[in-house]
Amino acid sequence: MKIQTRKSNEVIWREFFSNTKLPAQLETLHEIANNLWWAWNHEGSELFSALDARLWDQTEGNPVLLLQMLSNQRIDEIMANGALITQINDVYSQLQTYLHAKPDETKPSIAYFSMEYGLTNILKIYSGGLGVLAGDYLKEASDSHIDLTAIGLLYRHGYFNQSLSMEGNQIANYEPQDFNLLPLTQVKNESGEPVVLEVPFSERPVLANIWKVNVGRISLYLMDTDIPENNEWDRSITHQLYGGDWENRLRQEYLLGVGGILLLNKLGIKKQIYHCNEGHAALINAQRLVDYIQNDQLDFNEALEVVRASSLYTVHTPVPAGHDYFDESLFGKYMKDFPAKLGISWQDFIDMGRMYPGSSDKFSMSTFALNTCQEANGVSQLHGKVSRQMFAPLWTGYFPDELHVGYVTNGVHMPTWTATEWKKYYTKIFDDSFAVDQSNPHIWEAIQHASDSELWDIRKQLKNKLINYIKAQYRDNWLKNQGDPVKVVSILEKINPNALLIGFGRRFATYKRAHLLFSDLDRLSKIVNNEKIPVQIVYTGKAHPADGGGQGLIKQIVEISRRPEFLGKIIFLENYDMRLARRLVSGVDIWLNTPTRPLEASGTSGEKAEMNGVLNLSVLDGWWYEGYRKGAGWALTDKRTYDNQAYQDQLDAATIYNILENEIIPLYFAKNSKGYSPEWIQYIKNSISQIAPHYTMKRMLDDYISRFYIKLANRSALLTQNNYGEAKEIAAWKSHVAANWDRFEVVSFVYGDDVVHPVVGEDFHIKLVIDRKELKCMLGVDAVYTKDNPETNKDEFFTVFPFKIVKEEGSKLYFELRSITKQYGRFKVGFRVYPINEKLPHKMDFAYMRWIQPEN
């Protein structure tokens with residue numbers, strides 16, 4: 001037998017990462033690196049850059065990875081550098097002083113739930129505006145001393161990195177994150193063992209590791225199912241943000257909602273308010289209901305009173321199609337055990353997520369949130385109105401204008417999104433209280449007295465920073481996907497710091513109309529090819545991998561940018577993330593936004609631009625509908641001319657060209673002997689002083705506190721005291737009214753000719769008597785008026801006149817309405833009866849109603 005001369009089994013590799021051990025004197029750097037305070041305090045980021053500028057750039061601003069990669073030689077150099085050691089100690093001292101400040105006990109405590117958080121570009125658990133807003137919210141909560149704990153998911157692959165093919169097609173690259181190289185720590189128990197959360201899914205429990213992100217004073221806990229103890233199917237739950245099919249989306253939202261509450265329970269964390277940032281988190285209230293029923297022996301209706309009184313739902317979506325809906329069979333697969341735990345039927349439970357109970361509609365997370373949260377809000381004034389219209393069918397009998405759904409216009413975290421140059425300048429010229437009073441317009445007025453040349457110097461510095469960033473970051477990528485190195489060199493050389501630079505950066509959804517500027521290429525070519533008044537346009541943004549229309553827009557823009565007449569004049573920057581966004585919103589001159597109104601719920605990129613002296617050109621939609629000020633930016637009208645969207649697009653494109661040609665470009669290039677346009681600088685001053693203070697995250701957080709949190713906390717405290725006595729009383733009252741609502745009778749309801757044929761300036765008088773029979777509650781009666789709108793050919797809500805109770809005899813109530821006719825026109829009037837309980841927060845809390853008619 002011949003002896004074999006070669007034999008080996010398959011190589012067994014084990015991956016490891018060797019890292020540098022810091023001397024004891026530098027150990028404080030780990031503590032600084034593991035608190036994202038450095039992400040919005042320039043002292044922190046400047047420190048890490050000073051440790052090793054090359055590594056800071058190479059790691060894309062990741063201090064944890066930077067510290068692990070420091071060479072022994074560089075560590076020795078740091079130790080020998082007295083000034084750098086002093087800088088380290090000073091920054092650490094600042095952080096400790098910041099962290100030791102106590103929470104403001106006069107403000108309610110919050111549990112905040114969101115599917116994504118945009119805190120820094122290195123922690124890839126965000127996709128766009130929703131996540132960045134949530135990240136900004138945590139930062140401001142920290143700065144404002146709010147007792148807040150946040151819950152989310154830790155995605156192994158996060159959202160995708162974007163690259164472009166030679167043909168301009170978007171390529172989605174999902175790169176795994178190594179959690180040990182990120183500013184987060186695994187939560188462990190007192191014995192040093194990892195805390196593992198067990199979440200009861202339909203077929204088996206799913207286990208999740210818990211990671212903690214320190215966001216200043218705020219703790220963000222993230223659940224991670226990608227662990228060996230789970231099977232492959234369950235491990236994939238937290239693989240990708242918004243990845244997979246509808247079942248995986250439901251599994252993620254189940255983990256966020258049900259798992260999120262179980263996580264807080266495991267950590268022993270209780271808060272006064274539970275805030276759902278979008279409908280993704282709605283199932284927190286399913287688990288909270290179970291907890292109150294099982295732990296506090298409440299029945300379902302009593303538990304619902306308690307849960308609703310402490311819950312807020314924020315909607316970010318302006319159209320019904322944008323909400324999450326799940327087939328009953330799929331929803332039942334994961335939620336089938338909940339009705340028994342709640343003591344209600346499956347039909348009752350599934351109907352809590354249906355706009356029309358009893359129908360065959362899919363289960364809507366947003367509807368469930370509205371049914372289990374006392375308060376709800378949109379994210380701008382206009383979006384609040386759109387949301388009331390969208391949700392109106394849920395409260396039949398009430399008009400959208402009457403609904404309790406409010407709004408808080410989104411803002412941005414000023415320290416995060418304001419360039420360091422501006423922050424230092426604001427500190428120099430603004431009042432000392434500015435850091436804690438950012439939303440005070442009087443403080444910002446000081447910019448009107450600032451030196452024009454100083455403002456222009458800052459703007460030039462930031463534009464050059466952006467241009468240098470583009471050249472450094474994109475040269476190699478462009479060489480790969482553009483094929484012709486001569487073209488790449490040409491693009492880089494043509495980026496002109498003296499040009500008017502227009503920026504467009506956002507998610508490439510079709511309603512955002514990124515194509516609008518390319519409606520007339522000949523006209524656009526004339527705008528960007530005038531050497532005396534050069535104009536350049538920078539585009540960036542990702543399209544969802546399933547959005548073919550959005551990806552098509554990207555390809556179209558890339559193809560146009562490669563045409564000879566647009567080469568180096570129109571530039572598309574791939575892989576839009578927070579790092580690039582911060583450069584763009586501070587480095588361009590004009591921020592362009594062109595959504596189809598009213599589909600922009602709020603939008604915050606333009607607000608970020610405001611903080612940096614960048615002027616907005618936008619449709620009057622979202623936040624700009626409120627924010628626009630003449631002489632501080634430019635706006636496309638909010639009035640629609642054409643029903644045909646293609647015609648409207650053409651008109652809006654022509655309007656943009658006109659504004660650019662006749663207003664913006666002449667204003668920018670009306671330069672004096674010092675090289676800048678005084679009129680342009682005045683626009684910047686107006687923009688900063690008149691708009692910026694109203695769109696800080698500080699103002700937004702203050703609005704949430706004053707409009708919702710305090711109200712919820714006060715009522716929740718009343719309902720839970722004395723063993724939930726008030727909650728039980730209200731639940732019993734509602735049960736009684738529901739059982740007897742159809743029994744009351746109208747005894748008499750008569751009015752005269754002055755009501756049927758009212759005369760402007762004359763009064764009218766109506767009398768009504770109702771016998772409540774077995775119904776033992778007070779009733780209210782409204783006269784509801786609608787008015788014909790000739791523009792829409794529809795009857796629209798006009799006003800309500802409430803009746804007065806003039807007498808109560810036994811079960812009978814006597815009502816009167818006296819008023820004066822104040823307007824002429826064609827109206828309709830209807831009369832509705834509803835139950836009254838002063839302990840309810842608003843009429844929609846118990847939307848029982850009956851429409852009645854007079855005898856004559």
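Trainee: Leaving aside neighbours within four places in sequence, which residues is His 323 in contact with?
Mentor: Tyr 313, Val 315, Thr 317, Ser 366, Met 390 and Phe 391. Contact means heavy atoms within 4.5 Å. Before going on: this is a predicted model, where local features need pLDDT of at least 70, side-chain atom pairs count only at pLDDT 80 or more, and totals for chains, interfaces and linings use all residues. Residues are numbered from 1 along each chain as its sequence is written, and side-chain values use heavy atoms, with hydrogens and water left out.

Trainee: Fine. Where does His 323 lie?
Mentor: His 323 is in the loop between strand 10 (311-314) and strand 11 (325-326). Helices (H or I, at least four residues) and strands (E, at least two) are DSSP runs, numbered from the N terminus.

Trainee: Does His 323 count as buried or exposed?
Mentor: Buried, because its relative accessibility is 5%. The rule is: buried is under 20% relative accessible area, exposed is over 50%, and partly exposed is in between, with a 1.4 Å probe and protein chains only.

Trainee: Which side chain has a polar contact with the side chain of His 323?
Mentor: That of Ser 366, at 2.5 Å. A polar contact is a pair of N or O atoms within 3.5 Å; within protein, one must be able to donate a hydrogen and the other to accept it, and residues adjacent in sequence count only if both atoms are side-chain atoms.

Trainee: Switching to helix 11 (residues 300-309). How many of its residues are buried?
Mentor: Nine of the 10, so helix 11 is largely enclosed by the rest of the structure. Among the buried ones are Phe 300, Glu 302, Glu 305 and Arg 308.

Trainee: What covers them?
Mentor: The cover includes helix 10 (284-296), strand 10, helix 13 (338-342), helix 15 (365-372) and helix 29 (697-740).

Trainee: And which residue caps the N-terminal end of helix 11?
Mentor: Asp 299, with a side-chain oxygen 3.2 Å from the backbone nitrogen of Asn 301.

Trainee: On to strand 7 (residues 205-215). How many of its residues are buried?
Mentor: Eight of its 11, so to speak of strand 7 as mostly covered is fair.

Trainee: Which strands does strand 7 pair with?
Mentor: Strand 5 (residues 185-186) is joined to strand 7 by two bridges, running antiparallel. Strand 6 (residues 196-200) is also antiparallel to strand 7, with five bridges. Strand 8 (residues 218-224) pairs with strand 7 over seven bridges, again in the antiparallel sense. Two strands pair if DSSP finds at least two bridges between them.

Trainee: What are the bridge partners?
Mentor: Gln 186 has Trp 211 of strand 7 as its partner, and Glu 198 has Leu 207. Val 213 is matched with Leu 220 in strand 8.

Trainee: How many residues join strand 6 to strand 7 in the hairpin?
Mentor: Four. The hairpin of strand 7 and strand 8 has two residues between the strands, and Gly 216 in that turn has a positive phi of about 65°.

Trainee: New topic: in what order do the strands of the four-strand open sheet come?
Mentor: The order is 24-23-27-28, with antiparallel pairing. Strand 24 (794-802) and strand 28 (850-852) are at the edges with a single partner strand each, so one side of each has no neighbour in the sheet.

Trainee: How many bridges pair strand 23 with strand 24?
Mentor: Eight, with strand 23 covering residues 778-789. Asn 789 stands opposite Lys 794 in strand 24.

Trainee: Last topic, pockets. How much space lies in the second largest one?
Mentor: About 1,200 Å³. On a 1 Å grid over the protein atoms alone, a cavity is a set of points where a 1.4 Å probe fits but cannot get out, while a pocket is an open set with protein on both sides within 12 Å along at least five of seven lines; lining residues have an atom within 4 Å of a point. Grid points are joined across faces, edges and corners, and a volume is the space filled by probe spheres set on the points.

Trainee: Which lining residues are closest to the centre of that pocket?
Mentor: Of the 38 that line the second largest pocket, Lys 385, Gln 389, Arg 597, Pro 598 and Thr 792. Helix 16 (381-391), helix 27 (645-668) and strand 24 each give two or more residues to the lining. Helix 16 has the largest share, six residues.
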